[in-house]
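Let's take a relaxed walk through a protein model. Have the sequence and the 3D view at hand as you read.

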Amino acid sequence: MYWKLFIIFAKIGAFTLGGGVAMIPLIEREVVYKHKWIDDEDFLDMISIAQSAPGLIAVNVAIFIGHRIAGIRGSIVATIGSVVPPFIIILLVAAVFTTFKDNAAVQAVFKGIRPAVVALIAAPVIRMAIKNRLNWITGAIAVAATVLIAFLKISPIWIIITAIFGGLVMAFSRQDRHNHKKEAGK
């Protein structure tokens, strides 16, 4: 099991352009659909927590999934698998890039990669929105959060804290209404 976990995360880490968020659809395909280790809903919960937790999302997801599948050792193996290949690749790129950074072909390759990276990041966001069945209220919250972060430069930390507070207020108000209905029905 450990070897399989390592290989899956190493393969994803080695061949994903665009970093952690771009890895999400590949991780999802492997652990939810191919190996069926985790169901859709748990995966979305893990992504939400991993995105909110400090550190790299890919590493956080590897830790969660590794732990779910094989405990603490699974977390370690999945994390090493997700980190080692990109680390080696970036060392090689850094060593070579300074020599070729002004080369027209290299610049063209990077310009070609950029739209693909945007698509790799956008795809899991759209898929998560569909799976979470966004309605007009939650969609408006998502758009507002995006505007606040992207254009008004509000720290994502404040957005997350506000979302947590808002979720708690909504949960308690629903619970309160539920309790009032129960009391009224007695």
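How much space lies in the largest pocket? About 2,000 Å³. Keep in mind throughout that this is a predicted model.

## The largest pocket

So who lines this space? There are 44 lining residues in the largest pocket, and S48, M128, N132, A142 and A163 are the ones that lie nearest its centre. Several helices give two or more residues to that lining: α2 (20-34), α3 (40-52), α5 (104-131), α6 (136-150) and α7 (156-185). If you want to start with one helix, pick α7, since it provides the largest share of the lining, twelve residues.

What kinds of residues are these? Sorted by class, the lining of the largest pocket has 29 nonpolar residues, nine polar ones and six charged ones.

## The overall build

Now zoom out. You'll find seven helices and zero strands in this protein, and reading along the sequence gives the pattern α-α-α-α-α-α-α. The protein is more spread out than a compact globule, because its radius of gyration is 20 Å, well over the 16 Å that the globule rule gives for 186 residues. Along the principal axes, the C-alpha trace spans about 75 × 45 × 25 Å.

How much of the protein is buried? Buried residues account for 24% of the 186 residues. The protein exposes about 12,600 Å², and 72% of that comes from carbon and sulfur atoms. There is also a point to make about contacts along the chain: take those between residues at least 6 apart in sequence, and 54% of them join residues at least 24 apart.

## A closed-off space

Besides the pocket, how many cavities of 30 Å³ or more does the structure hold? Just one. The largest cavity has a volume of about 50 Å³. Its lining is made up of I24, E28, F43, L44, I47, P124, R127, M128 and K131.

You can trace that lining back to the helices: α2, α3 and α5 each supply at least two residues, and α5 gives the most, with four. By class, the lining of the largest cavity has six nonpolar residues, no polar ones and three charged ones. One name may ring a bell here: M128 lines the cavity, and M128 is also among the residues nearest the centre of the largest pocket.

## Two residues in helix α4

Next stop, helix α4, which covers residues 57-100 and holds N60. Is N60 buried or exposed? N60 has a relative accessibility of 9%, so it counts as buried. Leaving out residues up to four places away in sequence, N60 touches A50, A53, P54 and G55.

I63 lies in α4 too. With a relative accessible area of 34%, I63 is partly exposed. Beyond its neighbours within four places in sequence, I63 is in contact with S75 and T79. For a sense of distance, compare I63 with F151: they are 88 residues apart along the chain, and their C-alpha atoms are separated by 32 Å.

## A look at K4

Near the start of the numbering, K4 sits in helix α1 (residues 2-15). K4 counts as partly exposed because its relative accessibility is 43%. Not counting residues up to four places away in sequence, K4 touches H35 and W37.

How far apart in space are K4 and V77, C-alpha to C-alpha? The distance is 9.6 Å, although the two are 73 residues apart in sequence.

## Two lysines with a positive phi

Here's a backbone detail to finish on. Most residues other than glycine have a negative phi. K36 has a positive phi of about 55°, and it is not a glycine. You'll find K36 in the loop between α2 and α3. At 63% relative accessibility, K36 counts as exposed, since the cut-off is over 50%.

K153 has a positive phi as well, near 60°, and is likewise a residue other than glycine. Which loop holds K153? The one between α6 and α7. K153 has a relative accessibility of 65%, so it counts as exposed.

How values were computed: Residues are numbered from 1 along each chain as its sequence is written. This is a predicted model: local features need pLDDT of at least 70, side-chain atom pairs count only at pLDDT 80 or more; totals for chains, interfaces and linings use all residues. Side-chain values use heavy atoms; hydrogens and water are left out. On a 1 Å grid over the protein atoms alone, a cavity is a set of points where a 1.4 Å probe fits but cannot get out, and a pocket is an open set with protein on both sides within 12 Å along at least five of seven lines; lining residues have an atom within 4 Å of a point. Grid points are joined across faces, edges and corners, and a volume is the space filled by probe spheres set on the points. Ala, Val, Leu, Ile, Met, Phe, Trp, Tyr, Cys and Pro count as nonpolar, Asp, Glu, Lys and Arg as charged, and the others, Gly among them, as polar. The radius of gyration is taken over C-alpha atoms; the globule rule is 2.2 Å times the number of residues to the power 0.38. Buried means under 20% relative accessible area, exposed over 50%, partly exposed in between (1.4 Å probe, protein chains only). Contact means heavy atoms within 4.5 Å. Accessible areas come from the Shrake-Rupley method with a 1.4 Å probe; for residues, only the protein chains shown count as cover.
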